[in-house]
Structure formats: structure tokens, C-alpha cells
Amino acid sequence: MKLYCLSNDPNKPCHILTFREITVMLDCGLSMQSLLNFLPLSFVPSNRLLNLSNYMPPDVSDPDLEGELKENGERIFVDSPPEFGPPLDKLIDFAQVDVILISNYMCMMALPFVTEGTGFRGRVYATEPTLHIGRLLLEELVIYIEQCPKSSFSSQWKNYVHKCPSPFKEAFMPKSWKQIYNMSSVNASLSRIQMVGYNEKIDVYGALQVIPASSGYCLGSANWIISSDHEKIVYLSGSSTLTTHPRPMDHNALKNADVFIMTDLTQTPISNPDSMLGVLCVVVSLTLRGGGNVLIPCYPSGVVYDLFECLSAKMQESGVSNCPMFFVSPVADTSLAYSNILAEWLSTAKQNKVYVPDEPFPHALLVKNSKLKHFKHIYSDGFSTEFQEPCVVFCGHPSLRFGDVVQFIELWGNNPKNCIVFTEPDYDYIEALAPYQSLQMKIAHCAIDTSLNFTQANKLIKDLKPTTLVVPETYTKPPVSAPNLTELVIHNTPEVNLIPYKWGEIINLPVKRKQGQLFIETDVASKIVPVEIKPGLSLSTVTGTLNVKDNVHKVQDILDDQKLLNKNVKYEWGSVNINEFKQKLFQEGITDAKVESLGGNVVVIHLQDEDALIQLEDNNTHVVCNGDEALRTKLRNIVMQCLKTF
């Protein structure tokens with residue numbers, strides 16, 4: 001079993017797991033840290049951004065670079081449509097991926113990059129909320145970028161990143177960045193998804209069984225249990241033990257795994273989500289009472305539902321309930337609607353409200369009472385009429401590089417009464433604000449991440465008792481922000497075999513197929529006559545036709561006409577001598593055999609003229625000849641001639 005790491009961000013994971021000749025992709029997260037290197041997109045031209053000075057690296061005089069880089073203070077930005085860091089595509093051909101398992105809607109943003117234009121023909125599995133809310137996030141992202149088209153696309157700057165000042169020169173592999181997909185690719189990739197329910201058993205080509213189990217992180221989020229007849233692998237991504245609106249985490253399904261892959265732990269290991277929520281409520285109340293407005297950059301789903309609930313209650317207590325809340329997103333109305341109809345994916349407390357009947361979330365009542373107003377954009381019909389200050393505005397995008405948030409910062413940025421509150425943990429708020437400096441509005445950092453922290457993760461590992469634990473290498477070291485807090489790591493204990501990995505690595509996992517299941521037809525089984533060769537051990541030969549389809553092995557009785565041809569049945573055993581094999585190929589007129597050793601007793605023989613490959617292993621032989629059955633039979637017979645018989 002091998003694990004490939006295709007993402008450099010543990011919180012936007014993408015892995016490949018190969019086992020029993022099946023290739024499984026675990027999540028396809030999209031790294032968006034690259035966005036922070038670009039200037040914001042504004043659908044209302046900003047004189048301040050247009051008048052930024054051009055930047056040219058020292059000792060560089062490339063006319064093609066002129067105007068591509070801009071300078072604000074000591075920061076360098078690219079003046080071009082933003083680009084994203086897709087999963088690494090050099091380690092494996094996406095066309096070879098058989099199955100993609102999606103853990104939650106935040107971990108599917110790279111799906112169009114993986115499935116479209118790559119030859120991908122596999123299956124994609126996700127829960128219903130993951131599909132529906134993931135669609136909203138993908139659509140919002142495309143709309144935000146397409147509504148502000150740039151007149152030109154810059155690319156020359158990628159050749160000079162190393163000559164630029166920090167933090168720009170630390171950009172991670174900018175030459176691999178890509179522009180965002182279009183809506184056609186989004187729809188095509190989403191059409192491939194097959195919806196599954198919690199604890200539903202899904203057969204993967206007869207070789208594996210996969211089961212999604214609730215992870216407690218967000219609506220429809222799942223951990224995946226991957227099992228064969230004799231092995232169990234658990235993939236844990238985006239999980240939470242906190243009591244919020246999703247269905248609680250299912251612990252029992254994760255116990256006693258042979259391999260436990262853990263990723264997507266908290267991005268705010270030092271802070272507590274409850275205390276951050278408390279600070280947020282206080283900041284909002286004080287700002288509104290002082291006559292200022294509050295801007296909260298957010299995604300259109302997730303923790304924002306809990307913020308509506310908590311803030312509305314706190315504003316009532318603080319006497320500022322007359323201040324409206326605005327939710328501005330191209331998918332705001334759909335997001336609010338979905339959250340109220342996906343009852344089966346909610347916590348028990350939320351579900352019980354549905355059966356009263358009552359809306360599970362208070363934002364439905366807030367909308368009815370005009371306390372929460374939602375619009376697609378700030379230029380949508382009715383917004384200017386309904387808009388009043390002071391107010392609280394929830395809008396995207398949390399990177400501050402596109403979306404309606406750009407206009408609100410331009411509108412409110414010069415008033416110190418106003419406040420921008422960062423609740424999403426995905427981006428460094430200082431880097432996010434860099435192109436807007438110098439701002440007069442207050443800044444509050446209240447990042448709320450409900451994912452497992454390191455204390456919870458270590459306790460979970462102790463309770464679940466996996467044999468082997470696989471984690472990103474960064475989880476074995478204290479966070480950069482707190483290098484002295486050595487407790488903020490995944491502990492290496494004698495009871496568990498800990499294997500760290502990093503971006504671009506291929507890890508061999510200690511799971512090898514030692515046993516398999518074989519079905520024998522009654523007619524064949526009745527002819528088996530065991531012979532005891534020593535006390536407690538009996539052997540018997542079995543004569544039949546081995547049929548292998550979708551990794552299900554069956555031994556069937558030989559047909560009558562075949563029985564006549566197989567009166568003198570021989571049983572082959574042993575290994576193939578390569579020199580003898582090449583000699584027999586030569587005798588059959590095949591003279592162009594090229595032998596390559598892949599290590600571990602694996603040998604590949606390439607027949608160029610015949611366009612065929614033969615891969616010889618200890619327990620397997622594969623003949624690949626593009627459907628030429630006559631050639632396959634010929635090569636099979638030559639292999640059999642090189643084995644010993646009895």
C-alpha cells in the first residue's frame with residue numbers, strides 16, 4: 001500500500017492511496033494561499049489600486065515584466081487574474097484514479113482540476129450536503145472572479161519571483177498555479193458525484209469497501225473507512241467533537257484501524273473557538289454601539305450559520321438589535337434555504353426543531369423579521385433601499401481578493417469607527433489586508449476553527465488504538481507561531497507506529513495483502529481430496545477454471561470439451577528465469593525484448609514492435625497488449641513454459 005501527498009496544505013488535503021490495484025483519491029482540496037500574492041479584483045475601479053507604483057526586481061530590465069508587479073508599502077503584488085495551487089499532477093496520472101472520496105465541501109474545491117480534461121473516468125462519492133453546498137462554494141468562486149475580468153494576464157513575473165523581497169519570494173511553486181476553472185467545468189465535475197449516506201457500504205470494484213461516517217465538522221462532513229477482507233484503513237479529515245449544528249462525530253466506526261490517516265486538524269491551535277466567539281460578540285456590540293459598521297469576511301456556509309445565531313442573541317442583550325445584519329453572496333439565498341432542509345444531517349437538537357415543526361436555525365426567523373437580509377451583490381435590486389447603518393455585513397471572499405468585501409473595505413476603510421472582523425482561519429489576516437494599507441478601520445482577529453485540536457486528536461488516537469498512524473510532518477513539530485509549545489504536536493507513543501509525510505512524498509504503508517478470498521463452485525469442491533502431509537496440515541490439488549472479475553476470484557468447473565484437452569493436467573510453480581524467458585521469446589520470433597528492473601523482485605519486459613508489456617512479480621504476472629488476445633495467449637504460454645510443473 002502506498003500513500004501519495006499531492007497538497008502542500010494539510011487543511012486543503014489531497015492524497016492518493018494505492019492498494020490491491022485500486023487507486024483512491026482522498027479529497028481534492030484547493031490551496032488558495034496563492035491568492036494573497038495578487039491585487040484585489042474590484043468591479044468598481046479603485047483609484048488607489050490603479051495608482052500603485054510599478055515594481056521591477058533589482059538588476060532586471062525585462063520589458064515583458066513591465067506593469068505586471070505592483071508595490072504597496074513593502075509588499076509586492078501581481079496585477080493579474082488570481083491563480084490557485086491545484087493538487088500536484090506529476091506523481092500520478094489522474095486518468096488512473098478509480099475513486100475520489102470527498103470528506104466535506106471545503107475539500108472539493110479542486111475537483112474540476114482533477115476530473116476535467118485529464119482523462120478521468122472514475123467515480124466520485126460525497127454526501128448530499130457536501131454536493132449541494134460544495135456546488136455553492138464553487139459557483140461563488142467562479143462568479144466572483146468572472147464578474148471582474150482583467151484586460152490582460154501576467155505570467156512573466158514567475159521567472160523573477162526569487163529576485164523579489166519576502167514574503168513574495170517565498171511563494172510556493174508559482175509556475176504550477178492555474179487560473180480558475182469555468183462554470184462548465186464545475187457542472188461537469190459535479191455531475192460525476194454519486195451521493196451517499198452515513199454508514200452506507202459502497203463496493204469499489206470488488207476489491208474494497210468504503211463507508212462514510214459522520215465527522216461532526218460541518219453539514220454532511222464524513223470520515224472514510226476503507227476496508228478489504230483482512231485490512232482496515234481510516235481516513236480522518238475535517239473532524240470536530242464540539243457541539244454545533246452538524247450531526248456529532250461517529251467514533252465507533254474509526255476503532256482498531258490497521259492504518260489511520262489523520263489530516264485537516266485545527267489551523268488555530270493556540271485559541272479556543274468558544275472564547276473567540278465570545279470576543280467576536282463583544283467586538284460587534286461595542287462597534288455598533290459606537291455607531292460603527294462591522295464587516296465579517298466569510299464563506300457562504302459553515303460557521304456563518306452559528307454566527308447568525310450567536311450574534312443575534314448577543315445584539316438583543318446589548319440593545320443593538322435594531323441594527324440589521326446583511327448576508328451578501330451570489331449564493332446567499334440558496335445557502336440559507338439548504339441549511340433548513342437538510343434536517344437529517346443536523347445534530348439531534350436541531351433535528352427536533354424540525355419535527356415541532358420549527359426551523360432548525362434561527363436565521364429563518366431573522367429573515368422573516370427583517371433582522372437578517374440577504375442579497376446576491378451590493379448592486380442587486382433592493383440593496384440600496386434596504387441598506388442602513390450601523391449594520392453587520394457578512395460577505396466574501398475571506399481572502400479579500402475578490403467579491404463584495406472589496407467594495408465594503410473601500411467604502412468603510414477610512415472610518416476608525418468601523419471594524420473588520422476575521423473569523424475564517426484559512427488566511428493570515430495581515431497578509432489579506434496588505435494591499436489595502438493603510439486602513440483606518442479597526443481590525444479584530446477572532447478566527448473560529450472547530451476542527452480537532454492537538455489535545456483532542458491525541459486523546460482520540462489513544463481511544464481508537466490504530467496500529468499505524470500517518471500524519472503530515474508539520475503535525476510532529478510545534479506550530480511556527482508558538483515554537484515553545486511542544487504540546488501542540490501529535491505524540492509519538494510506543495503503542496502506535498507513527499509515519500509522518502510531506503508534500504510530494506510517496507510513503508510505503510505497512511499493509512501488504514497476505515490473504516485473499518476465493519470462491520469454489522460446489523462441483524469443484526466435491527472433488528477435493530486432502531492428503532495429510534504432516535500432523536495438522538493437509539494439501540490437495542484443485543483443477544478448475546479461475547475466473548477473476550472485479551477482484552472477485554472464483555474457481556469454476558472445467559467445461560466438457562476442455563476436460564478432454566486437460567486429461568494430463570500439470571500444475572505450475574516457482575519463479576520465471578528472465579534469461580530463459582528471453583530465449584523462448586527469441587525462439588518465437590520476438591527479438592526486441594527490453595528488460596527493466598523496478599526493484600523488489602519486480603521486472604518489466606517491454607516488447608516494442610508488439611507494443612506489449614509483461615510485468616513479472618513474486619505472486620503476479622501482468623500482460624498488457626492493447627486487447628490483442630492472440631498475443632496475450634502466446635505470451636502467457638511462454639511464461640508458463642518457464643515454470644516448474646508437477
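The side chain of Ser240 reaches the backbone oxygen of Thr450 at 2.7 Å. This polar contact is the starting point for the exercises below, which work on a predicted model.

**Exercise 1. Describe the surroundings of Ser240.**

Step 1. Place the residue: Ser240 sits in the loop between S15 and S16.

Step 2. Decide whether Ser240 is buried or exposed. Buried requires under 20% relative accessible area. Ser240 has 1% relative accessibility, so the residue counts as buried.

Step 3. List the polar partners of the side chain. One is the backbone oxygen of Thr450, at 2.7 Å. Another is the backbone nitrogen of Leu242, which lies 3.2 Å from a polar atom of the Ser240 side chain.

Step 4. Add the contacts, leaving aside neighbours within four places in sequence: these are Ser215, Gly216, Tyr217, Met249, Thr450 and Leu452.

**Exercise 2. Work out which side of helix H13 is buried and what covers the buried residues.**

Step 1. Helix H13 spans residues 454-464, and its buried residues are Phe454, Ala457, Asn458, Leu460, Ile461 and Leu464.

Step 2. These residues cover an arc of only 160° around the axis, so they lie on the same side of H13.

Step 3. Turn to the face directed away from that buried side: Thr455, Lys459 and Lys462 are the exposed residues there.

Step 4. Identify the cover. It includes strand S15 (232-237), strand S16 (259-263) and strand S23 (468-472). S15 and S16 are also the strands on either side of the loop that holds Ser240.

Step 5. Inspect both ends of the helix. At the start of H13, a side-chain oxygen of Asn453 comes within 3.2 Å of the backbone nitrogen of Thr455. After H13 comes Lys465, which has a positive phi, near 55°.

**Exercise 3. Find how many disulfides the model has, and examine Cys310 and Cys446.**

Step 1. Recall the bond in question: a disulfide is a covalent bond between the sulfur atoms of two cysteines. The cut-off applied here is a sulfur pair within 2.5 Å.

Step 2. Apply the cut-off: the count comes to 0 disulfides.

Step 3. Check Cys310. Its closest cysteine sulfur is in Cys281, 5.8 Å away, which is too far for a bond. Cys310 has 29% relative accessibility and therefore counts as partly exposed.

Step 4. Check Cys446. The nearest cysteine sulfur, that of Cys419, is 7.9 Å away, and Cys446 is in no disulfide. With 1% relative accessibility, Cys446 counts as buried.

**Exercise 4. Reconstruct the sheet that contains S26, S30 and S29.**

Step 1. Write down the order: the sheet is open, has 3 strands in the order S26-S30-S29, and its pairing is mixed.

Step 2. Name the edges. Strand S26 (518-520) and strand S29 (545-549) are the edge strands, each pairing on one side only.

Step 3. Add the twist: neighbouring strands of this sheet are turned by 25° against each other on average, direction ignored.

Step 4. Look at one pair. S29 and strand S30 (residues 552-556) run antiparallel and are joined by 5 bridges. Within this pair, Lys549 stands opposite Val552 in S30.

**Exercise 5. Summarise the whole chain.**

Step 1. Count the elements: the chain has 17 helices and 36 strands.

Step 2. Give the extent: the C-alpha atoms fill a box of roughly 95 × 70 × 50 Å along the principal axes.

Step 3. State the burial: 51% of the 646 residues count as buried.

Step 4. Consider contacts between residues at least 6 apart in sequence: 70% of them join residues at least 24 apart.

Methods. Residues are numbered from 1 along each chain as its sequence is written. This is a predicted model: local features need pLDDT of at least 70, side-chain atom pairs count only at pLDDT 80 or more; totals for chains, interfaces and linings use all residues. Side-chain values use heavy atoms; hydrogens and water are left out. Two strands pair if DSSP finds at least two bridges between them. Helices (H or I, at least four residues) and strands (E, at least two) are DSSP runs, numbered from the N terminus. Axes are lines fitted to C-alpha atoms, for helices over the stretch in contact, and angles run from 0 to 180 degrees between N-to-C directions. Buried means under 20% relative accessible area, exposed over 50%, partly exposed in between (1.4 Å probe, protein chains only). The arc is that of the directions from the helix axis to the C-beta atoms. Contact means heavy atoms within 4.5 Å. A polar contact is a pair of N or O atoms within 3.5 Å; within protein, one must be able to donate a hydrogen and the other to accept it, and residues adjacent in sequence count only if both atoms are side-chain atoms.
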